[in-house]
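I opened a new notebook page for this protein. My plan is to go from the inside out and write down what I look up.

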Amino acid sequence: MSVESKKRLIVAVTGASGALYAVRLLKAGLESGHDIDLVVSDYGKRLLIEECDLNLKTAEFGAWLDERYGPAKRTGKLTLHREQDLDASIASGSQRRHAMIVIPCSMKTLAGIAAGFAANLVERAADVTLKERRPLVLVPRETPLNLIHLENLMRVARAGATIVPAMPGFYQKPQSMEDLADFIVGRVFSVLDIPHQLFPAWKSSD
Ligand SMILES: Cc1cc2nc3c(=O)[nH]c(=O)nc-3n(C[C@H](O)[C@H](O)[C@H](O)COP(=O)(O)O)c2cc1C
């Protein structure tokens, strides 16, 4: 991978359902050679355990991926940060990163970002990403949505974030949960102009 195409991404995982979206994004990102700063909220950790049987306290992520999906070469570097660490590198705008992705994004974290309430490293890094005018992609997951959720989504969109809702399409005929998750991950990468082959391009009839 050329130096220009290698990205430095911040990935935040919060306590909304859909931990598999995060797993698949991390897998694809690291295998494509991108460096990732990862921060997982307490409830994000809980959902990774409940939905994916991944305990970040006891399992090494690379080994866990190899066991679940078969061995793969990951040339990207993964750096883990604690949610409480407000003096982490990614809490400062002086540390250059290409973009930040919150996947999945809970309504609580969405509210924090919408209010500029940077109480933990996820919210702080998102706040910094917006103030530095770098791409921020949120993958919210909740249903149904109340007016507060909808207003918060509009607020962050107006502030420059891109919303990629966890709403996979079915026209690609997904065969597995991984296919469904990869559809959303591919959408996130497309928004960020990151090349991927996570799903085939739509074949138009014209
Ligand atoms: C099993 C489980 C599933 C949850 N799913 C969602 C969800 O889909 N969307 C959401 O906004 N919150 C969901 N929550 C609630 C959040 O985890 C909770 O609001 C938490 O405070 C979020 O904190 P965080 O954003 O710092 O991770 C869920 C909680 C649990 C225990």
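**Entry 1: the core.** Which residues in the largest nonpolar core touch the most other members? I note first that I am working with a predicted model. I looked up the core and found 37 residues in it. V11, V23, L25, I101, I103 and V188 touch the most other members.

I then asked which elements supply this core with at least two residues each. Among the strands I listed strand 1 (8-13), strand 2 (35-40), strand 4 (99-105) and strand 5 (136-140). Among the helices I listed helix 1 (19-31), helix 2 (42-52), helix 3 (61-69) and helix 7 (177-191). Helix 1 gives the largest share, 9 residues.

I also found another core, apart from this one. It has 23 residues, including I10, M100, L153 and V156.

**Entry 2: V188 and V191.** I picked V188 for a closer look. What does V188 touch, leaving out residues up to four places away in sequence? I found L25, I101, V137, V139 and V164.

Next I turned to V191, which is also a helix 7 residue. Is V191 buried or exposed? Neither label fits: V191 counts as partly exposed because its relative accessibility is 40%, and that class runs between the 20% and 50% cut-offs. I checked its contacts beyond four places in sequence and noted V137, T162 and V164. T162 sits 29 residues from V191 along the chain. Their C-alpha atoms are 8.1 Å apart.

**Entry 3: the layout.** I counted elements next. The protein has 7 helices and 6 strands. Read from the N terminus, their order is β-α-β-α-α-β-β-α-α-β-α-β-α.

Then I asked how the radius of gyration fits a compact globule. For 206 residues such a globule would have a radius near 17 Å. The protein has 16 Å, so the two agree. The C-alpha trace spans about 40 × 40 × 35 Å along its principal axes.

I also looked at contacts between residues at least 6 apart in sequence. Of these, 74% join residues at least 24 apart.

**Entry 4: the surface.** How much of the protein is buried? I wrote down 47% of the 206 residues. The exposed area is about 10900 Å², and carbon and sulfur atoms supply 52% of it. I looked up the charges too: 26 are positive and 24 negative. Their mean positions are 4 Å apart.

**Entry 5: backbone exceptions.** I kept a general rule in mind here. Most residues other than glycine have a negative phi, and most peptide bonds are trans.

Where are cis peptide bonds found? One joins I103 and P104, with omega about -15°. P104 lies in strand 4, and I103 is one of the core residues from my first entry. Another cis bond joins T143 and P144, with omega about -10°. I placed P144 in the loop between strand 5 and helix 6 (147-158).

I then checked phi. R133 is not a glycine, yet its phi is positive, about 60°. I found R133 in the loop between helix 5 (121-131) and strand 5. R133 counts as exposed because its relative accessible area, 72%, is over the 50% cut-off.

D193 also has a positive phi of about 60° without being a glycine. It lies in the segment after helix 7. With a relative accessible area of 65%, D193 is exposed as well.

Notes: Residues are numbered from 1 along each chain as its sequence is written. This is a predicted model: local features need pLDDT of at least 70, side-chain atom pairs count only at pLDDT 80 or more; totals for chains, interfaces and linings use all residues. Side-chain values use heavy atoms; hydrogens and water are left out. Helices (H or I, at least four residues) and strands (E, at least two) are DSSP runs, numbered from the N terminus. The radius of gyration is taken over C-alpha atoms; the globule rule is 2.2 Å times the number of residues to the power 0.38. Buried means under 20% relative accessible area, exposed over 50%, partly exposed in between (1.4 Å probe, protein chains only). Contact means heavy atoms within 4.5 Å. Accessible areas come from the Shrake-Rupley method with a 1.4 Å probe; for residues, only the protein chains shown count as cover. Lys and Arg count as positive and Asp and Glu as negative; His and the chain ends are not counted. The place of a charge is taken as NZ of Lys, CZ of Arg, CG of Asp or CD of Glu. A nonpolar core is a set of buried Ala, Val, Leu, Ile, Met, Phe, Trp, Tyr and Cys residues joined through side-chain atoms within 4.5 Å.
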